[in-house]
Amino acid sequence: DDVVTRIKNVHMIEMGQYRMKPWYFSPYPIELTTEPVIYLCEFCLKFVRSRKCLERHRSKCTLFHPPGNEIYRKDSISFFEIDGRKNKAFAQNLCLLAKLFLDHKTLYYDT
C-alpha cells in the first residue's frame, strides 16, 4: 500500500486557464486518475473528468471566490480564511490539490 502512494497518479490538472503537471501522488478517485486531465473548478475546487462536466458544474456552482472570509487583499491577490468544519468539501478538495505538490502532506478524512 505504501508503495502505491509513492507513484505519481495524476498526469495533468486544469484549473481555470492554467494547466499544471503535478509532482506527487494524491488520493483522487481511481476512475479520475486514468484520465489524461483532471479538471478543477477554480472556486470550489470540485474535480471532474471532462471539460464538459466542468462547464455543467460551473453553470450551477454558486461560488465566485473561495468560501470563508477574505483576510488580505493587494491588487489582484486575495487570501481567504476557511473553516474546515463549515466547508468540509472545500477543505478536502484543497488538501487533495495541495498533496499533488507537497510530498509530505498528511490527509485526514472524517467519516
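Along the sequence, the order of elements is β-β-α-β-β-α-β-β-α. That comes to 3 helices and 6 strands. What you see above is a predicted model, so please hear everything that follows as a description of that prediction.

Overall dimensions next. The C-alpha trace spans about 40 × 30 × 30 Å along its principal axes. The radius of gyration is 15 Å, and a compact globule of 111 residues would be near 13 Å, so the two agree. Of those 111 residues, 27% count as buried. Among contacts with a sequence separation of 6 or more, 38% are between residues 24 or more positions apart.

On the surface, the protein exposes about 8,000 Å², with carbon and sulfur atoms supplying 55% of that area. As for charge, there are 18 positive and 13 negative charges, and their mean positions are 4 Å apart.

Now some individual residues, starting with R19. R19 sits in strand 2, residues 18-20. Its relative accessibility is 46%, which means it counts as partly exposed. What does its side chain pair with? The side chains of R19 and E14 are joined by a polar contact of 2.7 Å. Beyond its neighbours within four places in sequence, R19 is in contact with M12, I13, E14, V37, Y39 and R51.

From R19 I go back 10 residues in sequence to N9; C-alpha to C-alpha, the two are 16 Å apart. N9 belongs to the segment before strand 1, which covers 13-15. Is N9 buried or exposed? It is buried, because its relative accessibility is 14% and the cut-off for buried is under 20%. Leaving out neighbours within four places, N9 contacts F25, S26, Y28 and T33. With S26 there is a specific interaction: the side chain of N9 reaches the backbone oxygen of S26 at 2.8 Å.

That brings us to S26 itself. S26 is in the loop between strand 2 and helix 1, the helix being 30-33. At 0% relative accessibility, S26 is counted as buried. Its backbone oxygen is the atom that the N9 side chain reaches. And where does the side chain of S26 go? A polar atom of that side chain lies 2.7 Å from the backbone oxygen of L96. So much for the polar pairs at S26. Its contacts, not counting residues up to four places away, are N9, L96, K99 and L100. L96 lies within the range of helix 3, residues 88-99.

Staying with helix 3, N93 is also placed there. N93 is buried, at 12% relative accessibility. Which residues does it touch? Setting aside those up to four places away in sequence, N93 touches Y28, C44, L45, K46 and F47. Y28 also appears among the contacts of N9. By contrast, N93 and F80 are 13 residues apart in sequence and 15 Å apart in space, C-alpha to C-alpha.

One of the residues N93 touches is L45, and its backbone deserves a remark. L45 has a phi near 65 degrees, a positive value in a residue other than glycine. It is located in the loop between strand 3, 38-40, and strand 4, 47-48. L45 is buried, with a relative accessible area of 6%.

There is another positive phi to mention, at D75. Here phi is near 55 degrees, again in a residue other than glycine. D75 is in the loop between strand 5, 69-74, and strand 6, 77-81. Buried or exposed? Exposed, given that its relative accessibility is 71%. So the two positive phi values come from loop residues, with L45 buried and D75 exposed.

The last residue is R58. R58 is part of helix 2, residues 51-60. With a relative accessible area of 24%, it is partly exposed. Apart from neighbours within four places in sequence, R58 is in contact with C41, F43, L63 and F64. R58 and C44 are 14 residues apart in sequence, and the C-alpha distance between them is 9.7 Å. C44 is also one of the residues touched by N93.

To recap the polar pairs: R19 with E14 at 2.7 Å, N9 with the backbone oxygen of S26 at 2.8 Å, and the side chain of S26 with the backbone oxygen of L96 at 2.7 Å.

Methods. Residues are numbered from 1 along each chain as its sequence is written. This is a predicted model: local features need pLDDT of at least 70, side-chain atom pairs count only at pLDDT 80 or more; totals for chains, interfaces and linings use all residues. Side-chain values use heavy atoms; hydrogens and water are left out. Helices (H or I, at least four residues) and strands (E, at least two) are DSSP runs, numbered from the N terminus. The radius of gyration is taken over C-alpha atoms; the globule rule is 2.2 Å times the number of residues to the power 0.38. Buried means under 20% relative accessible area, exposed over 50%, partly exposed in between (1.4 Å probe, protein chains only). Contact means heavy atoms within 4.5 Å. Accessible areas come from the Shrake-Rupley method with a 1.4 Å probe; for residues, only the protein chains shown count as cover. Lys and Arg count as positive and Asp and Glu as negative; His and the chain ends are not counted. The place of a charge is taken as NZ of Lys, CZ of Arg, CG of Asp or CD of Glu. A polar contact is a pair of N or O atoms within 3.5 Å; within protein, one must be able to donate a hydrogen and the other to accept it, and residues adjacent in sequence count only if both atoms are side-chain atoms.
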